Amino acid sequence: MAEVAGLTSDPDSVSNGLVRLQQLSLVNLNPETKRYEMLSLTREYALAQLAAYPDFEREARMRWVRWYLDFAYSYGGEDWEKWIHYNRLKEEEGNLRAVLYWCKNQDHYAEVRDLWLLLNHYANLYAYWDDRLDWLQWLIEQSERRGEWSSLVKFMIRKTWLLIRECSPQSLTQADEILQRAWVLRDHADSCVQADLAENMARLRIRQSNYTDARHWLIVEEKLVIDANLDERQHIRYFIPVLYHRAEIFYSEGEYFSTKKLFQDVMKSAEKINWHRVINSAQNWLADIAIEQGDRDEAQKLLIQGLTVAESSNNKRRLARYQRSLARWERRWGSVQKACQLSTQAINSFERLGMTRDAQEMQTLLDCP
């Protein structure tokens with residue numbers, strides 16, 4: 001508030017002003033969140049008053065946008081480095097969305113672009129942002145209109161990530177079309193972005209059960225990572241997906257020995273760079289392998305450990321998958337009632353995340369006698 005109002009050099013005015021506003025019941029301090037709040041009617045009045053001072057509003061809005069861009073830079077970005085800070089983004093989620101909508105309405109494309117790239121991973125994994133595809137489509141259209149090809153490729157990758165997760169026939173077809181076009185434009189992107197693009201190609205083919213083509217794209221991705229000459233930490237970060245998706249293919253083919261070895265390699269590599277989300281994900285796969293191989297105790301141990309981490313980190317997608325795996329464990333060795341409860345929780349989570357195929361597969365498990 002002090003930053004946006006332009007009063008950072010006058011803290012006494014800020015303190016006195018907040019006291020006065022509370023005395024007038026125009027703002028309230030929430031004792032639980034320690035955050036100031038105002039009623040919607042008060043907000044409407046304040047916005048009407050703000051509009052009466054256009055010069056101040058213009059300056060305040062720019063300070064507002066800059067503050068949240070700096071905030072997102074500090075606490076957003078890729079989850080492999082900053083995921084432990086995502087709880088700070090959660091606290092400010094309403095304000096971050098307000099900044100995005102205002103910038104979009106004012107046609108401040110660059111600010112929306114930069115803020116979305118910082119918030120993209122958080123929105124995909126740790127929040128329920130139902131309008132993510134709409135935002136990405138707007139950014140694709142705007143970057144293309146401006147001839148900003150490197151940004152266009154990035155937004156195409158991010159949109160296809162969501163479409164592949166949805167995994168409906170329509171979304172996979174749409175993802176295929178976008179990825180084919182993005183690959184034509186790949187020279188506008190650096191090697192790391194091209195590697196991400198190849199990874200999405202492989203992920204799409206895995207969802208389509210085209211494992212031969214998926215393996216081809218993983219070879220392409222591997223070469224791009226090697227040719228990028230990254231430092232050790234970055235190299236590990238970009239090489240892990242190659243191992244991960246190869247393991248996923250082996251799992252789909254029932255090659256559990258090879259799957260287990262590769263996911264163990266994924267965990268070891270992720271531990272070197274403290275990529276906790278991937279460690280948690282690989283642990284889930286290893287639990288699924290243990291279930292397939294009838295190793296009751298090992299599966300239970302992995303699931304209990306992994307679920308605790310998924311819950312504490314608020315990774316909604318991984319939490320849904322742990323619920324699915326636990327439902328399978330309970331159905332085989334535990335309580336049918338508990339299995340039904342977990343299946344229902346997983347279905348609801350998958351539906352909220354837009355993961356239609358996962359929800360349908362879970363419903364099939366729930367319906368089975």
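This is a short walk through a helix, two nonpolar cores and one buried lysine.

The model is predicted, so local features need pLDDT of at least 70, side-chain atom pairs count only at pLDDT 80 or more, and totals for chains, interfaces and linings use all residues. Residues are numbered from 1 along each chain as its sequence is written, and side-chain values use heavy atoms, leaving out hydrogens and water.

Start with helix α4, residues 54–75 (helices are DSSP runs of H or I, at least four residues, numbered from the N terminus). Its 22 residues should span 32 Å at 1.5 Å a residue (1.5 Å times one less than the number of residues). The end C-alpha atoms are 31 Å apart, which agrees. Its buried residues (under 20% relative accessible area, 1.4 Å probe, protein chains only) include Glu57, Arg61, Trp64 and Phe71. They pack against α1, α3, α6, α7 and α8. Just after α4, Gly77 takes a positive phi of about 85°.

Now the cores. A nonpolar core joins buried Ala, Val, Leu, Ile, Met, Phe, Trp, Tyr and Cys residues through side-chain atoms within 4.5 Å. The largest has 66 residues, and Trp116 is among those with the most contacts inside it. Helix α8 (residues 109–126) gives the largest share of this core, ten residues. Apart from it lies another core of 41 residues, including Ile236 and Leu286.

Last, Lys159 in helix α10. Lys159 is buried yet has no salt bridge (a side-chain nitrogen of Lys or Arg within 4 Å of a carboxyl oxygen of Asp or Glu). Glu141, the nearest side chain of opposite charge, is 7.2 Å away.

Notes: Helices (H or I, at least four residues) and strands (E, at least two) are DSSP runs, numbered from the N terminus. Buried means under 20% relative accessible area, exposed over 50%, partly exposed in between (1.4 Å probe, protein chains only). Lys and Arg count as positive and Asp and Glu as negative; His and the chain ends are not counted. Contact means heavy atoms within 4.5 Å.
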